[in-house]
Amino acid sequence: MSKTSMTETAPGLWAAPHASGPITATVTVPGSKSLTNRALVLAALASGRSRIGHPLVARDTALMRRALTGLGARIDDDEHGWVVTPGPVRGDADVDCGLAGTVMRFVPPLAALADGEVRFDGDAHARERPMGTVIGALRGLGAAVDDGGRGALPFAVSGTGAVPGGDVTIDASASSQFVSGLLLSGARYDDGVTVHHDGKPVPSLPHIDMTVGMLRDCAVEVDDETANTWRVRPGPVAALDLDVEPDLSNAAPFLAAALITGGRVHVPRWPAVTTQPGDTLRDLLSRMGADCELDAAGLTVRGDGRVRGIDADLHDVGELTPVLAALAAVADGPSHLRGIAHLRGHETDRLAALTAEINGLGGDVAETDDGLTVRPAPLHGGVFHSYADHRMAQAGAVLGLVVPGVEVEDIATTSKTLPDFPGLWTRIVEAERTA
Ligand SMILES: O=C(O)C1=C[C@@H](OP(=O)(O)O)[C@@H](O)[C@H](O)C1
Ligand SMILES: C=C(OP(=O)(O)O)C(=O)O
């Protein structure tokens, strides 16, 4: 029996496949979560019918789809993806945010346009994610929000069919999604929206650039000339016709597999120009010892089995941290991952979770004020907990390639942004065995 289909593993534990040699694979990475969910929101607000090709079909986008359908949009499947027919934003709806930051931060500003109450809730972990800034901002822009004083899920937004909009000052240091959410719906507010950030630097700024770029593609006028200020003029949102790029951040574990096993992984359709922060992987993995080659067919990453330690500011690309920390744990020198204090408010407190889980396998990770110091140490097998976090589960899978006996708890949590990650992962490791 192959290791990947072991039955002796305890319930809820997944025996991470161990690579006995270099992994060589071509991996078709599904569509970007961030692009898909922005496209859905814009399409629901647009003045005509939109087409979204190659969308991500995973939990976060299913939740977005259901939320927008409940609020009045119609979303049909076609041969290549989805066709979205917008409708007036409808109230008296319930939105399940699951654990999706994009749903909990992007949909409330849209729901403020509804003609009635929209109630939001989500997973247990979702209730711990920062939301007070969104709630405060919506109130500042003229919408009524009842959060029972919690500043977190669950809460209800009560719309009257219109939002005055205007200027609002927020502290977006905990999440760029606070800004993106307001900008995405702002053109439909009476006075548009001007968001000023006042606080420590905003993380994941490339994700705000992605929002601005997509708004402009929908003919919305956005002024982002002044640092920490974004102005969206009121006006119609033009329909989109978009082919979603592969999710470059979700390519991380597969590319890491090439580096860590001294193999070669090719990801087709890697865009030559993109707003996705995951493109930074080419630089980051190169600095960790990979050879990265981008051509018209896609990205090919090769490793020689040796992983170098890295000193990197990941403030702009925090979502890459779990997989990079896993690589750092088996590197040939120490790593410093900085600028990522905001990861404490992601799906889980990722700094604490990575420290606990890598150290649980014998690693030497220490939390700093704004990141992690990872020193290489001999690792042994054991249970790697996921904390309902898809990228924690991916990090455990990466370590399992080179550390025998790693069992990832709740591998199914990867379905948040990647359908059938275990199947895809097992196939690339099995292919290595039969090669
Ligand atoms: O807007 C987006 O699509 C995202 C923004 C980032 O959030 P934070 O700014 O909260 O890090 C990123 O980590 C998340 O995975 C997706
Ligand atoms: C932070 C993440 O997700 P979310 O969109 O739920 O914030 C992530 O995917 O790493």
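**Exercise 1. The surroundings of Glu319**

Task: In this predicted model, determine which residues Glu319 is in contact with, leaving aside its neighbours within four places in sequence, and decide whether Glu319 is buried or exposed.

Solution.
1. Once the neighbours within four places in sequence are set aside, Glu319 has contacts with Ser249 and Arg391.
2. As to its place in the fold, Glu319 sits in the loop between strand 18 (311-313) and helix 9 (321-329).
3. The count of other C-beta atoms within 10 Å of Glu319 is 26. A residue is classed as buried when this count is 20 or more; therefore Glu319 is buried.
4. The UniProt record, an unreviewed entry, places the feature "active site" at Glu319.

**Exercise 2. The two ligand shells**

Task: State which residues surround ligand 2, and establish how the shell around ligand 1 divides by class.

Solution.
1. Around ligand 2 are Ala100, Gly101, Thr102, Glu319, His346, Glu347, Arg391 and Thr417. Glu319 and its contact Arg391 are thus both members of this shell.
2. By class, the shell of ligand 2 comprises one nonpolar, four polar and three charged residues.
3. Ligand 1 has 13 residues around it, of which Ser34, Ser175, Ser176, Ser204 and His207 come nearest.
4. The classes in the shell of ligand 1 are one nonpolar, 11 polar and one charged.
5. At least two residues of the ligand 1 shell are supplied by helix 3 (101-111), and at least two by helix 5 (177-186).
6. Domain 1 (8-30 + 246-434) and domain 2 (33-243) each give at least three residues to the shell around ligand 1. For ligand 2, each domain likewise gives at least three residues.

**Exercise 3. Burial along two helices**

Task: Explain why helix 3 is described as largely enclosed by the rest of the structure, and identify what the buried residues of helix 10 pack against.

Solution.
1. Buried residues in helix 3 include Gly101 and Thr102, which also belong to the shell around ligand 2.
2. Because 11 of the 11 residues of helix 3 are buried, this helix is largely enclosed by the rest of the structure.
3. In helix 10 (residues 350-360), the buried residues are Arg350, Leu351, Ala353, Leu354, Thr355, Glu357 and Ile358.
4. These buried residues pack against helix 9, strand 20 (364-368), strand 21 (371-375), strand 22 (382-384) and helix 11 (390-402).
5. Just after helix 10, Gly362 adopts a positive phi of about 100°.

**Exercise 4. Domains and core**

Task: Describe how domain 1 and domain 2 meet, and state which residues have the most contacts inside the largest nonpolar core.

Solution.
1. The chain divides into domain 1 (8-30 + 246-434) and domain 2 (33-243).
2. Taken over C-alpha atoms, the domain centres are separated by 29 Å.
3. Contacts between the domains involve 18 residues of domain 1 and 24 residues of domain 2. On the domain 1 side, the touching residues are five nonpolar, nine polar and four charged.
4. The largest nonpolar core contains 148 residues, and Leu42, Leu255, Leu259, Ala325, Leu327 and Val398 have the most contacts inside it. At least three residues of this core come from each of the two domains.
5. Val398 illustrates the packing: apart from its neighbours within four places in sequence, Val398 is in contact with Pro253, Ala256, Ala257, Ile260, Val323, Ala326 and Leu327.
6. UniProt, in an unreviewed entry, lists residues 20-422 as "domain: Enolpyruvate transferase". The end C-alpha atoms of this span lie 18 Å apart, and the span is 30% helix and 23% strand.

Definitions and conventions
Residues are numbered from 1 along each chain as its sequence is written. Chains are lettered from A and ligands numbered from 1 in the order in which they are written. This is a predicted model: local features need pLDDT of at least 70, side-chain atom pairs count only at pLDDT 80 or more; totals for chains, interfaces and linings use all residues. A nonpolar core is a set of buried Ala, Val, Leu, Ile, Met, Phe, Trp, Tyr and Cys residues joined through C-beta atoms within 7 Å. A residue is buried if 20 or more other C-beta atoms lie within 10 Å of its own, exposed if 12 or fewer, and partly exposed in between; C-beta atoms are placed from the backbone. Domain bounds come from an automatic or database domain assignment. Two residues are in contact if their C-beta atoms, placed from the backbone, lie within 7 Å. UniProt positions are given in the numbering used here, feature names are shortened, and annotations may be inferred rather than shown by experiment. Helices (H or I, at least four residues) and strands (E, at least two) are DSSP runs, numbered from the N terminus. A residue is near a molecule or strand if its C-beta atom, placed from the backbone, lies within 6 Å of it. Ala, Val, Leu, Ile, Met, Phe, Trp, Tyr, Cys and Pro count as nonpolar, Asp, Glu, Lys and Arg as charged, and the others, Gly among them, as polar.
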